[in-house]
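Work through the exercises below with the sequence and the model open. Try each task before reading its solution.

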Amino acid sequence: MDPLILILVLLVFIALPLFQMRKQNQRLKEIRAFQEQLRPGMVVRMTSGLQGRIHNVGEKTIDLEIAPSVVTTWDRTAVLNPVDSVDTGSVQGDALQQSNPSASSPVDQHEVDGPSTDDNPEGSPEDRR
């Protein structure tokens, strides 16, 4: 067998996976370091994609407020990363803007609350009843 082919086969099946594992291990270290720094008030994204504000931090669990007055308990390792910005119109938009005004662009109040009755000539749904 040609030595060049053997080297290429070794490179593909050994070296490339080693590089990928190293990159993955670095990412896991970053996530674990972030999970050690959790504190109440932070807006975070869970591994499932759910976002919320940390209400309480325990040794192995966190309490996450996912809606006003709705607090759920999660394993600390389920926290993936901080949320720096949210879509306009979301419940977390105001909370994130109040806690860290420099983290995201200012949220347009009109977009958060929706159109006022002045913008809608027919009035609000309550007015039409």
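The exercises go from the whole chain to the sheet and then to single residues.

This is a predicted model, in which local features need pLDDT of at least 70 and side-chain atom pairs count only at pLDDT 80 or more, while totals for chains, interfaces and linings use all residues. Residues are numbered from 1 along each chain as its sequence is written, and side-chain values use heavy atoms, with hydrogens and water left out.

**Exercise 1. Chain overview**

Task: list the helices and strands in order, and state what share of the residues is buried.

Solution. Step 1: helices (H or I, at least four residues) and strands (E, at least two) are taken as DSSP runs, numbered from the N terminus. Step 2: the protein chain has three helices and five strands, in the order α-β-β-β-β-β-α-α from the N terminus on. Step 3: a residue is buried under 20% relative accessible area, exposed over 50% and partly exposed in between, with a 1.4 Å probe and protein chains only. Of the 129 residues in the protein chain, 20% are buried. Step 4: with contact defined as heavy atoms within 4.5 Å, 34% of the contacts in the protein chain between residues at least 6 apart in sequence join residues at least 24 apart.

**Exercise 2. The sheet**

Task: give the strand order of the sheet, its edges and the helix across it.

Solution. Step 1: two strands pair if DSSP finds at least two bridges between them. Step 2: the five strands form an open sheet, ordered β4-β3-β2-β1-β5, with antiparallel pairing. β4 and β5 are the edge strands, each pairing on one side only. From one strand to the next, the twist averages 45 degrees. Step 3: β2 (residues 51-57) and β3 (residues 61-67) are joined by four bridges, and V57 has I62 in β3 as its bridge partner. Six bridges join β3 to β4; L64 has T72 in β4 as its partner. Step 4: helix α1 (residues 3-36) lies across β1 (43-46) and β5, at about 80 degrees to β5. Axes are lines fitted to C-alpha atoms, for helices over the stretch in contact, and angles run from 0 to 180 degrees between N-to-C directions.

**Exercise 3. A positive phi**

Task: what is unusual about the phi of S69, and where is S69 found?

Solution. Step 1: most residues other than glycine have a negative phi. Step 2: S69 is not a glycine, yet has a positive phi of about 65 degrees. Step 3: S69 is in the loop between β3 and β4, a hairpin with two residues between the strands. Step 4: S69 counts as exposed because its relative accessibility is 73%.

**Exercise 4. R76 and Q35**

Task: which polar atoms lie around the side chains of R76 and Q35?

Solution. Step 1: R76 is in the loop between β4 (70-75) and β5 (79-82), and Q35 is in helix α1. Step 2: R76 is buried but has no salt bridge, E36 being the nearest side chain of opposite charge at 5.0 Å. A salt bridge needs a side-chain nitrogen of Lys or Arg within 4 Å of a carboxyl oxygen of Asp or Glu; Lys and Arg count as positive and Asp and Glu as negative, with His and the chain ends not counted. Step 3: a polar atom of the R76 side chain lies 3.1 Å from the backbone oxygen of Q35. Step 4: Q35 counts as buried because its relative accessibility is 8%. A polar atom of the Q35 side chain lies 3.1 Å from the backbone oxygen of T77.

Definitions and conventions
Polar contact = N/O pair within 3.5 Å; in protein donor to acceptor, adjacent residues only side chain to side chain.
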